[in-house]
Amino acid sequence: SKDYSIYKLKLKLLKNNFSHKDIDIVLIYLQKKNLLIENNYIEGRVKFLIRKGHSANNIQKILKLENITYDLFNIMTVFKNQNTTEDILINNIIQKRFFSKKIENEHQKNKLKNKVLRYLLSKGHEWAKCNTIFNNLSP
């Protein structure tokens, strides 16, 4: 079964032409029976986004798009519980996407480095931090 936030479930039910009144009744029932626990959904979502390499700020933005307010302290707590940090994520992504590749010349190296940096930026990481970690890893 798939977990939903209250907001996503409400949207899904509205899309399937349920009335607002019926939706509210169902949501209250599910919450009373502990079948719809928002915090479990949020923590699972944060863990998923961490596994996908997203920064804490990016995770917060993604959650906000899902109508979920979750502060950075809580997100960083999930990072800590997962025994990781943003620096470790960045390092792992660089190791996987750069150092595991066969690079034949300086042009290819620079092209791949820029590609990896753009990927990290797309995950919400800061360019300066990524570049520093990258340069510290470079042989």
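This is a short viewer tour with three stops: a charged patch, a group of rings and a helix residue.

Before you click, note that the model is predicted: local features need pLDDT of at least 70, side-chain atom pairs count only at pLDDT 80 or more, and totals for chains, interfaces and linings use all residues. Residues are numbered from 1 along each chain as its sequence is written, and side-chain values use heavy atoms, with hydrogens and water left out.

**Stop one: the positive patch**

Select Arg 51, Lys 52, Lys 96, Arg 97, Lys 101, Lys 111, Lys 115 and Arg 118, which together form a positive surface patch. Patch members have over 30% relative accessible area and no salt bridge, and like charges are joined within 9 Å. A salt bridge here is a side-chain nitrogen of Lys or Arg within 4 Å of a carboxyl oxygen of Asp or Glu. Areas come from Shrake-Rupley with a 1.4 Å probe, and each charge is placed at NZ of Lys or CZ of Arg. Lys and Arg count as positive, while His and the chain ends are not counted.

Now colour α6 (86–99) and α7 (106–122), the elements that give two or more residues to the patch. Helices are DSSP runs (H or I, at least four residues), numbered from the N terminus. The largest share, three residues, comes from α7. Zoom in on Lys 101 and you're in the loop between α6 and α7. Lys 101 is partly exposed, at 47% relative accessibility (buried means under 20%, exposed over 50%, partly exposed in between).

**Stop two: the rings**

Next, show the aromatics: there are three aromatic pairs, counted when ring centres lie within 6.5 Å (planes under 30 degrees apart are stacked, over 60 edge-to-face, the rest tilted). Start with Phe 98 and Phe 99, whose centres sit 4.9 Å apart with planes at 85 degrees, so they're edge-to-face. Phe 98 is buried at 3% relative accessible area, whereas Phe 99 is partly exposed at 29%.

Add Phe 134: its ring centre is 4.8 Å from that of Phe 98 and the planes are at 70 degrees, so this pair is edge-to-face too. This contact links distant parts of the chain, with Phe 98 in α6 and Phe 134 in α8 (residues 127–137), 36 residues apart. Phe 134 is buried, with a relative accessible area of 0%. Keep Phe 98, Phe 99 and Phe 134 on screen, since ring pairs link them into a cluster.

**Stop three: Ile 23**

Finally, jump to Ile 23 in helix α2 (residues 20–32). Ile 23 is buried, at 1% relative accessible area. Draw a distance from its C-alpha to that of Gly 53, 30 residues along the chain, and you get 35 Å.

Note on methods:
Patches are made of residues with over 30% relative accessible area and no salt bridge: like charges are joined within 9 Å, nonpolar side chains (Val, Leu, Ile, Met, Phe, Trp, Tyr) within 5 Å. Buried means under 20% relative accessible area, exposed over 50%, partly exposed in between (1.4 Å probe, protein chains only). Rings of Phe, Tyr and Trp (its six-membered ring) pair if their centres lie within 6.5 Å; planes under 30 degrees apart count as stacked, over 60 as edge-to-face and the rest as tilted.
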